[in-house]
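Visitor: I like to look slowly at one part before I judge the rest. Could you choose one for me and walk me through it, with the cut-offs as you go?

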Amino acid sequence: MSSKEKPTLGGTRIKTRKRNIAAPLDPAAFSDAVVQIYLDNAGDLELIAKNIESSDHNFSRYGDTFFEVVFTGGRTQPGTIKPDEGERHPYSIIECDAKREAILPSVIYIQKILRRRPFLIKNLENVMQRFLQSLELFEENERKKLAIFTALVFSQKLSGLPPETVFQPLLKDNLVAKGLVLSFITDFFKEYLVDNSLEDLISILKRGKMEDNLLDFFPSAKRSAEGFSDHFIKVGLVPLVEYNEKKIFEVKLKEMKSALTTQIAEESDISEVIETVKQRVKDAKLPDIEVVRILWDVIMDAVQWSGKNQQQNANLALKQVKTWAKLLNSFCTSGKLELELMYKVQMQCYEDAKLMKLFSEIVRSLYDQDVLAEVTILHWYRKGTNPKGRQTFVKALEPFVNWLEEAEEEE
């Protein structure tokens, strides 16, 4: 008999893997279930949070729907803020009073939910972006509630919400043109500054990439430094106005410094440089003291220093002073401005090791070129108030001062 296995007619059985069959989306049922939790607990957010934490509802799938229920009391129609069919509750953010004490509990409630389900932060972003891009669909009072809520979200440091989520969606042309964005952001600023400093607000604006673009919130007809100041002074946000004026001032100083640096590097005619400075001072309303400071910085920054060769550095510095003395002289028009120039020289010589021993020579050169008057030098020597390196510089200047005093006595 053969030991070979007899053939069978059963064939080969192949195992097949069953595919996961996705359950159909049912946001309406989810929304009704969350609304029922609100209704069962009569809007008590403490109890609602506990019930939601212990529930087995699919928040990962219906996160956007959940926040629609939080904000509006029920599900909204896709792409709008209009109510959809289904159950609703009267305890939403939109339905409460437009006051921080009425809205803050909702922020704390959301914070608790996010601690348990941190993945929902993305859904909060989605819903906030949609609502902020649809500001015109809300009533004025509802927009104020959204602004207060948003300010409290950042004030309470609700984890994970990036500022650009708030600021960037607002910059739709039609919203800005209607003044809705300016109204929203004003309410936001006012509410946020109740508990936080201006520095905190600027930090949020920086992270939201809006620090240098605050005028983008204004309709085009009001988009000016004057319009900015008028608006925020009227609503009592004077520190913000002062901050913006300082920013504008710094930009104008930087622009003037850049223009002067180019002209001096190109060795332009001094009369041209003087005219440039005068025009920029007039246009930007720059203070005389700042002009003197910038002039000295630009003149000395243009020097091609020679490393450690002290004598060469001295020659280069003195040559630069002599070359541009007329420019300095045109703007050092009072004893106060001359004294400010001396303080600038003092600080540069104190901070730059290669210039430490050149203070007295530079002062002498400025005197010889009629930039510094004798009375200014003597005042600095006897009553100067800046302590940086003063003792060293006074000693170095002593022979020159003695010479000035002897010449004064002879006269």
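Guide: Gladly! Let's begin on the outside of helix 15, where Q311, K319 and K322 are exposed on the face turned away from its buried side. Exposed means over 50% relative accessible area, buried under 20%, and partly exposed in between, with a 1.4 Å probe and protein chains only. Helices are DSSP runs of H or I with at least four residues, numbered from the N terminus. This is a predicted model, so to speak of local features we need pLDDT of at least 70, and side-chain atom pairs count only at pLDDT 80 or more, while totals for chains, interfaces and linings use all residues. Residues are numbered from 1 along each chain as its sequence is written, and side-chain values use heavy atoms, leaving out hydrogens and water.

Turn to the other side of helix 15 and you meet its buried residues, N313, A314, A317, Q320 and V321. Down the helix axis, these fall within an arc of 135°, so they line one face; the arc is taken over directions from the axis to the C-beta atoms. Their packing partners are helix 12 (238–265), helix 14 (288–301), helix 16 (325–331) and helix 18, where contact means heavy atoms within 4.5 Å. The length of helix 15 checks out as well: its 14 residues (310–323) should span 20 Å at 1.5 Å a residue, and the end C-alpha atoms are 20 Å apart, which agrees. The expected span is 1.5 Å times one less than the number of residues.

One of those partners leads us onward. Helix 18 (residues 359–368) contains F359, and helix 20 (residues 390–410) contains F393, so their ring pair ties together parts that are 34 residues apart in sequence. The two ring centres lie 4.6 Å apart with planes at 25°, so the pair is stacked. For the record, rings of Phe, Tyr and Trp (its six-membered ring) pair if their centres lie within 6.5 Å; planes under 30 degrees apart are stacked, over 60 edge-to-face, and the rest tilted. Both rings belong to buried residues: F359 has a relative accessible area of 1%, and F393 comes in at 0%. The structure holds 22 aromatic pairs.

Two arginines also meet rings. The charged end of R364 sits over the ring of W403, 4.9 Å from its centre, and that of R390 sits over the ring of W380, also with 4.9 Å to the centre. The test asks for NZ of Lys or CZ of Arg within 6 Å of the ring centre and within 35 degrees of the ring normal.

For a companion to helix 15, try helix 17, which is mostly covered, with 12 of its 17 residues buried. Among them are L337, L341, Y343 and C349. Here too the span agrees: 24 Å is expected for residues 335–351, and 24 Å separates the end C-alpha atoms. C349 itself is buried at 1% relative accessibility. As for its sulfur, the structure holds zero disulfides, and the nearest cysteine sulfur to that of C349 belongs to C332, 15 Å away. A disulfide would need a pair of cysteine sulfur atoms within 2.5 Å.

Methods:
Helices (H or I, at least four residues) and strands (E, at least two) are DSSP runs, numbered from the N terminus.
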